Amino acid sequence: MNDLTENSEYIELIQRIEHIINEAKYNIAKSVNTNMVQAYWSIGKYIVEFEQGGSFKAKYGEALLTNLSKDLKLRFGRGYSRPNLNNMRKFYLRYPDYHLVSDKLSWSHICELIKIDDDLERSFYEKETISEKWGVRELQRQME
């Protein structure tokens, strides 16, 4: 077996397989992120539409996100804290067309960008993040 592991053609075979596996893992992670970002945008949309429904919001106000968080965490576990639900809500309000960022940015990037109130400034950091392939820490550093 030692002869095989030292064979250059065999080593090349391993490297090709490794490349395919790594590419598949990357594509899976990217697909999961895209789908989660789309889901979070839709959740934000439903929250905003529910809030705009009228009397319920007036009567219960801030309790909506708190109660929704408790109920969703019971059903689905982590990821549905009140702050995260608020981020989903902001995401919907800041990005009427989620397709612009859903396959280009992670949820963590989006959570940083939605903190920016000014549309022009947010757009600048969004474009720079995409073109320069900034990680979340680099985006945070640039925003400071």
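Is D119 buried or exposed? D119 is exposed, with a relative accessible area of 53%. The model is predicted. D119 pairs with R122 in a salt bridge, 2.4 Å from N to O. A search of the whole structure finds 8 salt bridges and 7 aromatic pairs. The largest nonpolar core has 26 residues.

**Nonpolar core**

- Within the 26-residue core, the residues with the most contacts are L85, F91, W107, I110 and L113.
- Helices α2, α4 (63-76), α5 and α6 each give two or more residues to this core.
- Helix α2 gives the most, with 5 residues.
- In soluble globular proteins, nonpolar side chains tend to be buried together.

**Salt bridges**

- R122 and D119 lie 3 residues apart in helix α7, so about one helical turn separates them.
- The two partners differ in exposure: R122 is buried at 5% relative accessible area, whereas D119 is exposed at 53%.
- R122 falls under the 20% limit for a buried residue, while D119 is over the 50% limit for an exposed one.
- R94 bridges to D117, with the closest N and O atoms 2.6 Å apart.
- That pair links distant parts of the chain, 23 residues apart. R94 is in helix α5 (residues 82-94), and D117 is in the loop between α6 (107-113) and α7 (119-132).
- R94 is partly exposed, at 23% relative accessibility. D117 is exposed, at 60%.
- R141 and E138 form another salt bridge, their closest N and O atoms being 2.8 Å apart.
- R141 and E138 are 3 residues apart in helix α8 (residues 136-143), so they too are separated by about one helical turn.
- R141 is exposed, with a relative accessible area of 52%. E138 is partly exposed, at 24%.

**Aromatic contacts**

- Among the 7 aromatic pairs found in the whole structure is F76 with Y80, a tilted pair.
- The ring centres of F76 and Y80 are 6.0 Å apart, and the planes meet at 50°.
- Why tilted? The angle of 50° falls between the 30 degrees below which planes count as stacked and the 60 above which they count as edge-to-face.
- F76 is exposed, at 57% relative accessible area. Y80 is buried, at 14%.
- F124 and Y125 make an edge-to-face pair, 5.1 Å centre to centre and with 75° between the planes.
- F124 is partly exposed, at 46% relative accessibility. Y125 is buried, at 13%.
- Y40, F91, Y95 and W107 are joined by ring pairs into a cluster.
- Two members of that cluster, F91 and W107, are also among the core residues with the most contacts.
- The charged end of R122 sits over the ring of Y95, 5.8 Å from the ring centre.
- R122 thus has two recorded contacts: the salt bridge to D119 and the place over the Y95 ring.

**Helix α2 and its surface patch**

- L13, I17 and I21 form a nonpolar patch on the surface. Together they have about 250 Å² of accessible area.
- I21 belongs to helix α2 (residues 8-51) and is partly exposed, at 43% relative accessibility.
- I14 is also found in helix α2. I14 is partly exposed, at 41% relative accessibility.
- I14 and K115 are 101 residues apart in sequence. In space, their C-alpha atoms are 45 Å apart.
- Helix α2 therefore takes part in both settings: it gives 5 residues to the core, and it holds I21, one of the patch residues.

**Backbone at K133**

- K133 has a phi near 55°, a positive value in a residue other than glycine.
- Most residues other than glycine have a negative phi.
- K133 lies in the loop between α7 and α8.
- K133 is exposed, with a relative accessible area of 73%.

Note on methods
Residues are numbered from 1 along each chain as its sequence is written. This is a predicted model: local features need pLDDT of at least 70, side-chain atom pairs count only at pLDDT 80 or more; totals for chains, interfaces and linings use all residues. Side-chain values use heavy atoms; hydrogens and water are left out. Patches are made of residues with over 30% relative accessible area and no salt bridge: like charges are joined within 9 Å, nonpolar side chains (Val, Leu, Ile, Met, Phe, Trp, Tyr) within 5 Å. Accessible areas come from the Shrake-Rupley method with a 1.4 Å probe; for residues, only the protein chains shown count as cover. A salt bridge is a side-chain nitrogen of Lys or Arg within 4 Å of a carboxyl oxygen of Asp or Glu. Helices (H or I, at least four residues) and strands (E, at least two) are DSSP runs, numbered from the N terminus. Buried means under 20% relative accessible area, exposed over 50%, partly exposed in between (1.4 Å probe, protein chains only). Rings of Phe, Tyr and Trp (its six-membered ring) pair if their centres lie within 6.5 Å; planes under 30 degrees apart count as stacked, over 60 as edge-to-face and the rest as tilted. A charge sits over a ring if NZ of Lys or CZ of Arg is within 6 Å of the ring centre and within 35 degrees of the ring normal. A nonpolar core is a set of buried Ala, Val, Leu, Ile, Met, Phe, Trp, Tyr and Cys residues joined through side-chain atoms within 4.5 Å.
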